[in-house]
Amino acid sequence: MSTPPLSLDALLEQARPDPQAIADGRRRMRDVFHHRPTDVLPILFAAPAPEGIAWNRDMRRHVEDQEQMLYDQVAGLVGWARAGSDAQLAIRANTGTGTLVSTAGCRLLPSEFGLPWTTHVSREAIETFDPTDDLASRGVLPRVKALYAEFRARLPEYIGLYIADTQSPFDLAHLLYGDAIFYAMFDDPDFVHALMAKATALYIAGSTLMKSWIGEARDGGLHHTLAMHNGGVRACEDTATLLSADLVDEFVVPYRDQGLAPFGGGWVHYCGDNAHVYRSLLRSPWVRGINFGNPERHDFSRVIPELIAAGKFYFGAPARGADETLEA
């Protein structure tokens with residue numbers, strides 16, 4: 001006989017955490033963000049989820065149906081809560097990487113297989129786009145605000161909120177202009193610098209706006225299982241991994257740092273592998289930590305000492321070999 005599906009209320013009860021574990025985890029993460037000693041390095045892991053969760057595999061439904069978005073994200077927290085590790089518990093308006101660029105006219109492209117990609121906009125649209133003008137009423141941001149109000153009204157206080165996907169200035173520029181940006185860096189660098197200035201302003205304004213909606217500190221907050229301190233945002237540099245060292249230094253680094261600075265810094269994620277991007281993160285005074293989307297492409301015997309020397313942390317798990325024991 002199959003187990004009946006768990007309701008949202010049942011999931012919320014299953015996700016009730018150990019308050020001491022939450023407090024200890026937040027204290028340890030605060031120490032790590034400030035690069036100071038702590039009693040134990042934060043350890044984040046989940047336990048198996050209980051039977052009866054109605055797992056949803058249709059991402060289009062997840063994005064378009066607020067009930068499904070809420071259920072899916074709470075279901076994803078249950079295992080973390082049951083484990084009693086240092087992990088925090090938070091969900092977001094999960095509208096995808098195009099959330100901010102939708103305010104410039106980019107349309108979200110829904111898919112059952114993943115979060116939406118976007119259409120792009122013309123050079124003329126970018127030149128007239130003001131990323132600080134009435135941002136809250138544009139694109140999908142009105143829906144994002146409504147989602148946060150709904151989620152906060154229905155969630156217990158032990159589940160927090162974090163801001164929707166903001167990407168990074170360069171990733172936002174790529175989403176706005178599409179792959180034409182790779183040609184424009186050579187053919188019309190002045191335009192790309194103007195585009196980067198607007199993408200940076202969008203990153204700052206969008207992050208600030210969403211933080212105000214959820215009552216999050218400018219220089220701290222949550223990101224799923226992470227408690228952020230001494231730096232209140234995340235940046236994604238996935239597109240930047242396609243660039244040469246010179247292009248990273250000219251079009252990525254200064255705008256990333258400008259985007260992180262108003263929030264006291266932040267941490268950076270990227271998928272793939274790019275030594276130039278990695279080195280730029282080690283040098284930046286605003287980058288507190290790094291997360292690799294592909295840890296298997298990095299040598300942690302080298303990375304960890306370099307991060308420690310630079311005063312930064314690694315957020316994530318090193319790659320584990322197929323036959324490697326947990327202890328090893």
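1. In this predicted model, Thr 166 is a buried residue, its relative accessible area being 3%. Thr 166 belongs to the loop that runs between strand E4 (160–162) and helix H7 (169–177). When residues up to four places away in sequence are not counted, Thr 166 touches Leu 100, Leu 172, Tyr 203, Ser 207, Met 210 and Arg 234. Two of these names return below, since Tyr 203 is among the residues of H9 that contact H10, and Arg 234 is one of the buried residues of strand E7.

2. A second loop residue to look at is Leu 155, placed between helix H6 (141–154) and E4. Leu 155 has a relative accessible area of 6%, which means that it counts as buried, the limit being under 20%. Its contacts, leaving aside neighbours within four places in sequence, are Leu 12, Leu 70, Val 74, Ile 91 and Leu 161. With Leu 12 the separation in sequence is 143 residues, whereas the C-alpha atoms of Leu 155 and Leu 12 are 7.9 Å apart in space.

3. Turning to the sheet, four strands form an open arrangement in the order E7-E8-E9-E10, with parallel pairing. E7 and strand E10 (313–314) are the edge strands, and each has a single partner, so one side of each lacks a neighbour in the sheet.

4. Strand E7 (residues 233–236) is nevertheless covered on both faces, because Val 233 and Ala 235 on one side, and Arg 234 and Cys 236 on the other, are all buried, that is, under 20% relative accessible area. E7 pairs with strand E8 (residues 266–270) in the parallel sense, over four bridges, and within this pair Cys 236 is found opposite His 269 of E8. The two strands, together with helix H10 (residues 245–260), make up a right-handed β-α-β unit.

5. How do helix H9 (residues 189–214) and H10 pack, and at what angle? Their axes are 9 Å apart and the angle is about 25 degrees, so H9 is roughly parallel to H10. The crossing by which H9 passes H10 is right-handed. On the H9 side the contact is made by Pro 189, Val 192, His 193, Met 196, Ala 197, Thr 200, Tyr 203 and Ile 204, and on the H10 side by Glu 250, Phe 251, Tyr 255, Gln 258, Gly 259 and Leu 260.

6. H10 also meets helix H11 (residues 275–283), their axes coming within 10 Å and crossing at roughly 40 degrees, so that H10 is oblique to H11. This crossing, too, is right-handed. The residues that make the contact are Ala 245, Val 248, Asp 249, Val 253 and Arg 256 of H10, together with His 276, Val 277, Ser 280, Leu 281 and Arg 283 of H11.

7. Finally, two loop residues deserve a look for their backbone angles. Most residues other than glycine have a negative phi. Asp 134, in the loop between helix H5 (123–128) and H6, has a positive phi near 50 degrees. His 224, in the loop between strand E5 (221–223) and strand E6 (226–228), likewise has a positive phi, near 60 degrees. Is the side of the chain at His 224 buried or partly exposed? His 224 is partly exposed, with a relative accessible area of 27%.

Note on methods
Residues numbered from 1 in each chain as written. Predicted model: local features only at pLDDT ≥ 70, side-chain atom pairs only at ≥ 80, totals over all residues. Heavy atoms only, no water. Buried < 20%, exposed > 50% of the residue type's maximum accessible area, 1.4 Å probe, protein only. Pairing = 2+ DSSP bridges. Right-handed = clockwise from strand over helix to strand, strands pointing away. Axes fitted to C-alpha atoms, helices over the stretch in contact; angles between N-to-C directions. Parallel < 35°, antiparallel > 145°, perpendicular 65-115°, else oblique. Left-handed = near helix turned anticlockwise from the far one by under 90°. Contact = heavy atoms within 4.5 Å.
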